[in-house]
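Here are a few exercises to work through with the model open beside you. Try each task before reading its solution.

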Amino acid sequence: MAKNINMSVKLGELALENPVMTASGTFGYGTEFADFVDLNRIGGIIVKGTTLHHREGNPYPRMAETPSGMLNAVGLQNKGVHYFVDQIYPTIKDLNRNIIVNVSGSAIEDYVETARILNELEGIPAIELNISCPNVKQGGMTFGVTTDGASEVVSAVRKAYDKTLIVKLSPNVTDITEIAKAAEASGADSVSLINTLLGMAVDAEKRKPLLSTVTGGLSGPAVKPIALRMVWQVSKAVNIPVVGLGGIMNGRDAIEFMLAGATAIQLGTANFIDPMVTNRVIDEIQDYMIRNNVSDINDLIGALEV
Amino acid sequence: MQKTVLDLTVKSCEMISAQYALLKLTQENSLPEMHAGQFVEVRVDNSSTTFLRRPISINFIDRNDNTLWLLIQVIGDGTRSMSMLQIGDIVNVILPLGNGFSWPKEKSKPILLVGGGVGTAPMLYWGKLLKDKGYEPNFLLGARSKKDLLQLADFSTFGSVYTTTEDGSYGEKGYVTNHSALNEKPWQRVYVCGPKPMMMAVAKEAKRLGVGCEVSLENNMACGVGACLCCVEDTKKGHVCVCTDGPVFDVEKLKW
């Protein structure tokens with residue numbers, strides 16, 4: 001890294017070497033991308049959504065390409081938190097200083113128990129609470145679409161989890177700032193947004209939906225304007241740091257989200273197009289800073305001139 | 001095998017039939033190690049309507065002129081754009097992906113490679129590798145009509161070629177499962193790639209003959225590296241990713 005450039009940021013107590021993180025569900029457990037990038041260089045790796053019990057997820061087909069994006073209906077397939085702790089955690093805990101676990105559930109008790117178990121892991125400095133997955137029948141987005149739902153689950157988890165608590169918000173709401181404020185009031189250290197937007201795709205010839213679940217979550221560049229708008233609105237509504245995601249494909253996109261108010265960003269769908277995008281975006285952010293004489297990245301956060 | 005992202009150069013791109021293009025890619029350095037049955041994820045830069053990469057089987061690798069061959073069936077915007085690539089164009093690919101075919105146990109007993117439609121693609125490289133290692137590959141290729149049978153001359157350099165066409169314009173009439181060759185030799189193992197109903201029918205025949213069978217699946221993919229969990233197939237061990245635990249599966253593992 002060039003001298004005299006500070007790229008480190010903080011999400012509450014959580015220190016990131018740079019603002020680039022990976023979005024849950026798009027980067028596996030990190031190892032899937034080991035051949036392509038230096039995992040240690042990434043600011044933070046948020047691994048696949050983990051639930052208390054094993055989940056098989058939704059039936060195939062689970063994805064459809066859309067203009068400048070894609071729909072997914074994976075449905076939180078994972079082997080459960082106990083398998084994570086016993087089999088996965090030991091193999092990934094040293095890949096990066098910020099391995100963060102995304103936590104989901106169908107019932108409050110499940111969220112709390114999962115968070116409690118993860119609280120014991122020394123190598124996990126934070127969890128990201130998924131109250132926004134549109135692809136599960138119970139839980140997930142159900143909690144994230146009302147202020148009461150969000151308050152209930154965040155308060156309960158806050159009691160069970162001592163470390164950095166990031167709450168991932170759904171854009172499928174009338175006013176995301178209300179949900180963000182509820183999460184903040186309930187003890188969230190940070191909010192990340194946006195999770196996927198509820199969408200649909202159809203096969204005109206077969207006259208059938210393309211996803212087994214009919215609807216799914218939209219991601220990719222198509223959602224960027226919505227994500228950017230919501231990051232801007234939320235960062236003005238809360239005092240806790242905001243993590244921005246939704247269609248970020250390069251360093252310039254990342255800077256836009258930071259100017260709009262994000263302290264850090266996540267790369268998700270971009271990894272499918274370019275498996276090396278995480279390292280590339282770190283370089284591109286640095287190039288931007290050098291070109292624009294920005295010595296501390298924190299000067300960019302919320303620096304949008306409106 | 002280590003995966004890598006490469007910018008390859010188009011050496012040639014020609015339509016070899018009405019619906020199929022043969023794309024040959026090269027680079028300065030020797031192409032990396034790749035196995036038959038694996039695939040590559042191609043980034044389509046010359047289409048304004050596609051977003052995700054396209055997963056394409058490795059059709060052949062010619063180590064003499066350092067080319068990677070991809071057989072493209074033109075179905076939609078992505079494959080159409082790929083079929084229109086020009087000599088000298090740069091194509092970004094992630095490779096090699098997937099698990100590839102597994103080696104048979106014995107060199108002395110004949111192997112049957114069955115392909116239907118674009119499913120014949122991975123069988124060409126597999127046939128070469130088997131022949132190079134001293135096995136006896138035989139090819140059973142099926143298509144709708146004579147004009148849809150591809151690369152017959154290339155296949156015949158590696159082993160006997162049996163063909164079927166639905167309209168009887170070439171080879172035996174009917175489907176690959178009707179071909180007399182199935183009962184002709186004491187097949188050691190069957191490898192098959194093609195439309196799902198065809199693979200299921202061939203797997204059934206293999207079972208009837210008491211012969212092991214490997215199939216190559218083609219599920220819709222996003223990441224290609226086992227991270228997104230979109231391309232899953234339901235197996236006896238639950239949902240697994242076709243891009244990493246496959247695309248080749250021993251049919252015994254599937255819920256067919």
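**Exercise 1. Backbone oddities**

Is Asn293(A) buried or exposed, and how many other C-beta atoms lie within 10 Å?

Solution. A quick word on the ground rules: this is a predicted model, where local features need pLDDT of at least 70, side-chain atom pairs count only at pLDDT 80 or more, and totals for chains, interfaces and linings use all residues. Residues are numbered from 1 along each chain as its sequence is written, while chains are lettered from A and ligands numbered from 1 in the order in which they are written.

- Step 1: Count around Asn293(A): there are 6 other C-beta atoms within 10 Å, so the residue is exposed. The cut-offs are 20 or more such atoms for buried, 12 or fewer for exposed and partly exposed in between, with C-beta atoms placed from the backbone.
- Step 2: Find Asn293(A) in the segment after helix 9 (277–291) of chain A. Helices (H or I, at least four residues) and strands (E, at least two) are DSSP runs, numbered from the N terminus.
- Step 3: Check the backbone: phi of Asn293(A) is near 55 degrees, positive although the residue isn't glycine. Most residues other than glycine have a negative phi, and most peptide bonds are trans.
- Step 4: Now try Gln151(B), another non-glycine with a positive phi, about 55 degrees. Gln151(B) sits in the loop between strand 9 (137–143) and helix 3 (152–156) of chain B, and is buried, with 23 other C-beta atoms within 10 Å.

**Exercise 2. Cis peptides**

Track down where Pro61(A) and Ile194(A) sit, and check the peptide bond leading into each.

Solution.

- Step 1: Tyr60(A) to Pro61(A) is a cis bond, omega near 5 degrees. Pro61(A) belongs to the loop between strand 4 (44–50) and strand 5 of chain A.
- Step 2: Leu193(A) and Ile194(A) are also joined by a cis bond, with omega about 15 degrees. Ile194(A) is in the loop between strand 10 and strand 11 (197–200) of chain A.

**Exercise 3. The barrel**

In what order do the eight strands of the chain A barrel close?

Solution.

- Step 1: Go round in the order 3-4-7-8-9-10-15-16; the pairing is parallel. Strands pair if DSSP finds at least two bridges between them.
- Step 2: The twist from one strand to the next averages 30 degrees. For such angles, axes are lines fitted to C-alpha atoms, for helices over the stretch in contact, and values run from 0 to 180 degrees between N-to-C directions.
- Step 3: Zoom in on strand 8 (126–130) and strand 9 (164–168) of chain A, which pair over five bridges. Ala126(A) has Thr164(A) as its bridge partner in strand 9 of chain A.

**Exercise 4. A helix and its cover**

Which residues of helix 6 of chain A are buried?

Solution.

- Step 1: Helix 6 (224–237) has 14 residues and reaches 20 Å from first C-alpha to last, close to the 20 Å expected (1.5 Å times one less than the number of residues).
- Step 2: The buried ones are Lys224(A), Ala227(A), Leu228(A), Met230(A), Val231(A), Trp232(A), Val234(A) and Ser235(A).
- Step 3: Their cover includes helix 5 (176–185), helix 7 (251–259) and strand 16 (262–267) of chain A. Contact here means C-beta atoms, placed from the backbone, within 7 Å.

**Exercise 5. The interface**

How many residues does each chain give to the contact?

Solution.

- Step 1: Chain A gives 27 residues and chain B gives 24.
- Step 2: The predictor's ipTM for the complex is 0.96, and its pTM 0.97.

Definitions and conventions:
Two residues are in contact if their C-beta atoms, placed from the backbone, lie within 7 Å.
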